[in-house]
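Subject: Handover of a structure and the findings from it

Dear colleague,

Please find below the structure that I am handing over to you. My account of what was found in it follows directly after.

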Amino acid sequence: MTRHEISESFRRNVFSSLEKVPKERHEGSYGPAEESFNRIAILWEAYWKCKGVELHHTPTDVAMLMSLFKHAREIYKPNFENVLDGANYLCFAGGFEAATRIEKNSQKATEEEEVEVSEEEMEEW
């Protein structure tokens, strides 16, 4: 197997593993992902405010920073779970950001109604 084939096989394995991670695994323990990440953002802001630093965090920021946390662990001690969790955090970040951008671009978005999103809008983002 070539280096390229090994790399592609690993990448496919990560994506396949991510698809198998049940949504309930996260939501059952922590509630809906974006709500959970928002709570973390609020707590991080409070922490930094007590230190005299004004920062605003979003659920996307939390997901990106948690991915970096997994990268730091991976640097110290390589482990497939670090890679899988880091990729999962990046997927959360991408999903939160896509939802935010689409919501901002939609004049009719409300909390009660779902917004129709075309494939082109998703590809644009």
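How many aromatic pairs does the structure hold? There are five of them. Please bear in mind throughout that this is a predicted model.

**Aromatic rings**

One of the five pairs is formed by Phe37 and Phe92. Their ring centres lie 5.2 Å apart and their planes stand at 50 degrees, so this pair is classed as tilted. The pair joins distant parts of the chain, with Phe37 in helix α3 (residues 33-50) and Phe92 in helix α5 (residues 80-105), 55 residues apart. Phe37 has a relative accessibility of 3%; because the limit for a buried residue is under 20%, Phe37 counts as buried.

Another pair is made by Tyr47 and Trp48. Here the centres are again given as 5.2 Å apart, but the planes are at 85 degrees, so the arrangement is edge-to-face. Tyr47 is partly exposed, at 46% relative accessible area, and Trp48 is partly exposed as well, at 34%.

Ring pairs also connect Phe37, Tyr89, Phe92 and Phe96, which together form a cluster.

**Overall fold**

For orientation, the protein chain contains six helices and zero strands. Its pattern along the sequence is accordingly α-α-α-α-α-α. The chain has 125 residues, of which 23% are buried. Of the contacts between residues at least 6 apart in sequence, 49% join residues at least 24 apart.

**The nonpolar core**

Which residues make up the largest nonpolar core? It has nine: Ala33, Phe37, Ala41, Val62, Ala63, Met66, Tyr89, Ala93 and Phe96. Helices α3, α4 (59-76) and α5 are the elements that each give two or more residues to this core. Met66, a member of the core, is in contact with Trp44 and Tyr89 when its neighbours within four places in sequence are set aside.

**His57 in the loop**

His57 is located in the loop between α3 and α4. Is His57 buried or exposed? Its relative accessible area is 11%; as this falls under 20%, His57 is buried. Apart from residues up to four places away in sequence, His57 touches Ala41, Trp44, Glu45, Trp48 and Leu65. Among these contacts of His57, Ala41 also belongs to the largest nonpolar core, and Trp48 is the ring partner of Tyr47.

**Helix α1**

Helix α1 covers residues 3-20 and has 18 residues. At 1.5 Å a residue the expected span is 26 Å, and the end C-alpha atoms are 26 Å apart, so the two values agree.

Val14, Ser17 and Leu18 are the buried residues to note in α1. They cover an arc of only 105 degrees around the axis, which means that they lie on the same side of the helix. An α-helix has 3.6 residues a turn, so residues three or four places apart point the same way. On the other side of α1, His4, Glu19 and Lys20 are exposed. The cover over the buried residues of α1 includes α5.

**Salt bridges**

How many salt bridges does a search of the whole structure find? The search finds two.

In one of them, Asp85 is bridged to Lys70, with the closest N and O atoms 3.1 Å apart. Asp85 belongs to helix α5 and Lys70 to helix α4, so this bridge ties together parts that are 15 residues apart in sequence. Asp85 counts as buried, with 18% relative accessibility, and Lys70 likewise counts as buried, with 10%.

The other salt bridge brings together the side chains of Arg101 and Glu97, at 3.1 Å from N to O. Both residues lie in helix α5, four residues apart, which is about one turn of the helix. Arg101 is partly exposed, with a relative accessible area of 42%; Glu97 is also partly exposed, with 23%.

**In summary**

Helix α5 recurs in these findings: it holds Phe92 of the tilted ring pair, gives two or more residues to the largest nonpolar core, is part of the cover over the buried residues of α1, and contains both Arg101 and Glu97.

With kind regards

Note on methods
Residues numbered from 1 in each chain as written. Predicted model: local features only at pLDDT ≥ 70, side-chain atom pairs only at ≥ 80, totals over all residues. Heavy atoms only, no water. Phe/Tyr/Trp six-rings, centres within 6.5 Å; stacked < 30°, edge-to-face > 60°. Buried < 20%, exposed > 50% of the residue type's maximum accessible area, 1.4 Å probe, protein only. Core = buried A, V, L, I, M, F, W, Y, C linked by side-chain atoms within 4.5 Å. Contact = heavy atoms within 4.5 Å. Expected span 1.5 Å × (residues − 1). Arc of directions from axis to C-beta. Salt bridge = Lys/Arg side-chain N within 4 Å of Asp/Glu carboxyl O.
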